[in-house]
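Please walk through this model with me, one strand at a time. Keep the sequence and the 3D view side by side.

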Amino acid sequence: MEYLIILLVWIVTLKIVWIIRDYRLLKKVTKLSRGTRTERNLVVKLLKYGFPSTHIYHDLYLKKLNGQYSQIDLVAVTRVGILVFEVKEYSGWIFGSGYQSHWTKVMAYGKRKYRFYNPIKQNNSHLYDLKKVLKHENVPYYSIIVFYGDCEFKEINYVPDGTFIVKSERIGKVIQNILNQNDPIQYHNEKYIFDILNEAALNGDNKQIKIKHIENINDMFGRNRTFE
């Protein structure tokens, strides 16, 4: 019994050490109050992979040319281009195509089905907005959709070039492939990129910007014009 207690204390102590270490890493980039748990987990993963904290931007509210904002989960600036992440957390079987407007998750062995907006299209809109704002930087962009949760890719096809669909536990492999299989690039004005991304990340602390962004989304989908 005494041995089991010592072992339990050791395990708990080790977990606390890991939590403190991860928190110290996380706060180099973002706050515990920003984004989702899975997004913050991905930030820590990137830092552990060796990404400089100054090259990672989380929970961005990028101001578009029309004055509205585009909310982006995560962006990393690398030697081969800009990685744009969309983070999802789902359970069940995942079905989808790059051409479809919506994908399907199936649960309870086919008894329950739910549709969600195509994450490829969703992240492509983020890439489009970034390219518009960073129009003087003609650099490669890579779209990475990361799935957390107890989900399984059953049938996903027609994934465009430069786009990657990946479970969270294999994100390191995808990033390594991108860095190894593409040539280093020369940024025209790297400081300008960092300034824009840093401003977009800081916008996430502005409550008025976040409220306005939600209002714009509701207006786009007509939610504020539906009454029960």
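Start with a pair of residues: Gly92 has Cys151 as its bridge partner in strand 8. This is a predicted model, in which local features need pLDDT of at least 70, side-chain atom pairs count only at pLDDT 80 or more, and totals for chains, interfaces and linings use all residues. Residues are numbered from 1 along each chain as its sequence is written, and side-chain values use heavy atoms, leaving out hydrogens and water.

Strand 4 covers residues 92–97 and runs parallel to strand 8, with six bridges joining the two. Helices (H or I, at least four residues) and strands (E, at least two) are DSSP runs, numbered from the N terminus. Two strands pair if DSSP finds at least two bridges between them. Further along, Ile94 stands opposite Phe153 of strand 8.

Now turn to strand 5. Strand 4 and strand 5 run antiparallel and are joined by three bridges. Phe95 has Thr104 as its bridge partner in strand 5. Four residues lie between strand 4 and strand 5, and the two strands form a hairpin.

Next comes the whole sheet. Its four strands follow the order 6-5-4-8, and the sheet is open with mixed pairing. Which strands stand at the edges? They are strand 6 (112–117) and strand 8 (151–157); each has a single partner strand, so one side of each is left without a neighbour in the sheet. On average, neighbouring strands here are turned by 20° against each other, direction ignored. Helix 3 (residues 119–133) packs on this sheet and touches strand 5 (102–107) and strand 6. The direction of helix 3 makes about 15° with that of strand 6. Axes are lines fitted to C-alpha atoms, for helices over the stretch in contact, and angles run from 0 to 180 degrees between N-to-C directions.

Move on to helix 6, residues 207–220, where His213 lies. Is His213 buried or exposed? His213 counts as buried because its relative accessibility is 10%; buried means under 20% relative accessible area, with a 1.4 Å probe and protein chains only. Leaving aside residues up to four places away in sequence, His213 touches Tyr61, Tyr69, Ser70 and Gln71. Contact means heavy atoms within 4.5 Å.

Finally, consider confidence. The chain has a mean pLDDT of 90, where pLDDT is the predictor's confidence in each residue, from 0 to 100. Helix 1 (residues 2–26) has the lowest mean among the elements, 72, and strand 7 (residues 141–148) the highest, 98.

Methods:
Buried < 20%, exposed > 50% of the residue type's maximum accessible area, 1.4 Å probe, protein only.
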